[in-house]
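Student: I should like to take a close look at a single part of this structure, its largest pocket. Would you please describe what surrounds it?

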Amino acid sequence: MIQDSDDVTAGLLVIGDEILSGRTKDRNIGTIADHLTSIGIALREVRVVGDDEYAIVEAVNALRHRYTYVFTTGGIGPTHDDITADSIAKAFGVGIDVDPRAVAIMKPAYEKRGIELNAARLRMARIPDGAELVVNEVSVAPGFRIGNVIVMAGVPSIMEAMLTCATQDLQRGRRILSSSIVAAHAEGELAELFAAHQADWPAVAMGSYPAFKEGQYATDLVMRCPNSDTLRSATESLCQKLSAAGFKFSHK
């Protein structure tokens, strides 16, 4: 059963030498952040580590004691450098072996496609003792959840399918709403006014994000709050202040 809480948090661990080398450009962080925000789970931290057992174990143990949930991506494929499952098992101090539940899912699907479930592919059926399977509707080989750690593939389409499945029954907090005002001015011109506005609205998280659009400086003034009435009032108040100061802006 899904439960509501004011503060449900998550950390994300991205695993893979290919990410750190630049060979593969990560496309999962934004997807995961958007999804978690939409269901009331606040993503608080993202770490990237290589295919190194010590680094994975250290990061998992740090994150799982700090946040409500930890999500990992990458390193659960069929090759020798896919060591995430073994590293997670070591972090929890449990054994790992080919899981009959995973084989039961993979074998008929592979046979239907005329693909041999060889030793390499069986590596994807190795699941830490005590873990629950995370359904993979794209390529069949499952992810898993052990404790508060949810382990997913790195391929974006597969990760997204696992993420949808894995988060269906998670505890959720209040959804954070946001509003954005785009000012046609450099960030430094707005900083003093925006800082004063933040002081007036301590319950609203605020951030300014500079940009260069069509040859002109611009700044996105973003406000975030779980209470829609408070957010609306803070946005209206900022619009009034910007207008009174002669700034040009638009409200999304």
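Tutor: The account below turns to the largest pocket and then sets the second largest pocket beside it.

This is a predicted model, in which local features need pLDDT of at least 70 and side-chain atom pairs count only at pLDDT 80 or more, while totals for chains, interfaces and linings use all residues. Residues are numbered from 1 along each chain as its sequence is written, and side-chain values use heavy atoms, with hydrogens and water left out.

The chain has an average pLDDT of 95, and 98% of its residues score at least 70; pLDDT is the predictor's confidence in each residue, from 0 to 100. Over residues 1-5, however, pLDDT stays under 50. Where pLDDT is low, the predicted coordinates should not be read in detail.

A pocket is found on a 1 Å grid over the protein atoms alone, as an open set of points where a 1.4 Å probe fits, with protein on both sides within 12 Å along at least five of seven lines; lining residues have an atom within 4 Å of a point. Its volume is the space filled by probe spheres set on the points, which are joined across faces, edges and corners.

The largest pocket holds about 580 Å³ of space. It is lined by 32 residues, and those closest to its centre are Gly77, Ala153, Gly154, Val155 and Ile158. Two or more lining residues come from each of strand S2 (9-15), helix H1 (17-21) and helix H7 (156-166); such elements are DSSP runs numbered from the N terminus, helices being H or I with at least four residues and strands E with at least two. H7 gives the most, with three residues. By class, this lining has 15 nonpolar, 10 polar and seven charged residues. Here Ala, Val, Leu, Ile, Met, Phe, Trp, Tyr, Cys and Pro count as nonpolar, Asp, Glu, Lys and Arg as charged, and the others, Gly among them, as polar.

The second largest pocket has a volume of about 270 Å³. Of its 14 lining residues, Ala42, Arg44, Arg174, Ile176 and Arg224 lie nearest the centre. Helix H2 (28-38) and strand S3 (42-49) each supply at least two residues of this lining, and S3 gives the most, with three. The classes here are seven nonpolar, two polar and five charged residues.

Key
Contact means heavy atoms within 4.5 Å.
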